[in-house]
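Trainee: I'm new to this structure and would like a close look at a single part. Could you pick one strand and walk me through what surrounds it?

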Amino acid sequence: MWISLIGFMGSGKSTVARLLGERALLPVVDLDREVVRREGATIGELFRARGEPGFRAAESAALAALSPDADLVLACGGGLVTTPAAVALLRGRGCVIWLDAPWETLQARLAAAADAGDDRPLLAAGDWEAVRALDGARRPLYAGAADFRVRTDQTAPEVTARRVLTRHVAWQRQR
């Protein structure tokens, strides 16, 4: 059974997934890293060569290739929710949790990551208003895909990981 973490870039999916995997003794798959491994190119290179539709196709293929029977923690890419078939696959394979933070927190995290050399294609233009609009446009998609929403701006990542695990246990009991 999967515990899938969704949310906008900078929401903490990779960090929380790693901590959650340690706490729950589960393997962690970072979908962006899996795409890079399978395609032999960075996400930035894939976006430049194939555009967003080509990247989303590679992302969907990497997702579909993961074992449906595995117990794992999955850190999804921020735009995965724009692919309805991918969302259906996540929901069919386990619990989906939206890691959320307000725009100001996301922007600060993304700016720090960009300063550190993080290659995020959607930040390449430096148009923060466009990125903010994208966050706003995706929020309803995250809400519709998720079984639970967990804020990541009010607690340390370790506490967030515990909250995610608690939500997952509640989800299992509801089934």
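Mentor: Let's take strand β3 and then move outward from there. Keep in mind that this is a predicted model: local features need pLDDT of at least 70, side-chain atom pairs count only at pLDDT 80 or more, and totals for chains, interfaces and linings use all residues. Residues are numbered from 1 along each chain as its sequence is written, and side-chain values use heavy atoms, with hydrogens and water left out.

Strand β3 covers residues 72-75. Helices here (H or I, at least four residues) and strands (E, at least two) are DSSP runs, numbered from the N terminus. Look at the side chains of β3: Leu 72 and Leu 74 point one way, while Val 73 and Ala 75 point the other way. In a regular strand the side chains alternate between the two faces of the sheet. Whichever way they point, all of these residues in β3 are buried. Buried means under 20% relative accessible area, exposed means over 50%, and partly exposed is in between (1.4 Å probe, protein chains only).

Now for the partners of β3. Two strands pair if DSSP finds at least two bridges between them. Strand β1 (residues 2-6) runs parallel to β3, and four bridges join them. Strand β2 (residues 28-30) also pairs with β3 in the parallel sense, over three bridges. Ala 75 is a handy landmark here: Leu 5 stands opposite Ala 75, and so does Asp 30.

Zoom in on Val 73, which lies in β3. Its relative accessible area is 0%, so Val 73 is buried. What is packed around Val 73? Leaving aside neighbours within four places in sequence, Val 73 is in contact (heavy atoms within 4.5 Å) with Ile 3, Leu 5, Ala 17, Leu 20, Gly 21, Leu 26, Pro 27, Val 28 and Val 29. For a sense of scale, Val 73 and Trp 103 are 30 residues apart in sequence and 25 Å apart in space, C-alpha to C-alpha.

In the loop between α1 (13-24) and β2 you'll find Leu 25. Unlike buried Val 73, Leu 25 is exposed, with a relative accessible area of 74%. Its backbone is worth a glance too: phi of Leu 25 is near 55 degrees, a positive value in a residue other than glycine. Most residues other than glycine have a negative phi, and most peptide bonds are trans.

Next, the cysteines. A disulfide is a covalent bond between the sulfur atoms of two cysteines. By the cut-off used here, a disulfide is a pair of cysteine sulfur atoms within 2.5 Å. The structure holds zero disulfides. Cys 76 is in none, and the nearest cysteine sulfur, that of Cys 95, is 12 Å away. Why is there no bond for Cys 95? The sulfur of Cys 95 is 12 Å from the closest cysteine sulfur, in Cys 76, which is too far for a bond. Cys 76 is buried at 3% relative accessible area, and Cys 95 is buried at 0%.

Cys 95 leads us to another residue, His 168, in helix α7 (residues 157-174). Leaving aside neighbours within four places in sequence, His 168 is in contact with Met 1, Trp 2, Ile 3, Cys 95 and Ile 97. Ile 3 came up before, as one of the residues in contact with Val 73. His 168 is buried, with a relative accessible area of 7%. Arg 163 also lies in helix α7, but Arg 163 counts as partly exposed at 33% relative accessibility. With the same neighbours in sequence set aside, Arg 163 is in contact with Val 150 and Thr 155.

One more buried residue to find is Glu 59, in helix α3 (residues 43-65). Its relative accessible area is 0%, so Glu 59 is buried. Beyond its neighbours within four places in sequence, Glu 59 is in contact with Leu 31, Asp 32, Val 35, Gly 77, Gly 79 and Leu 80.
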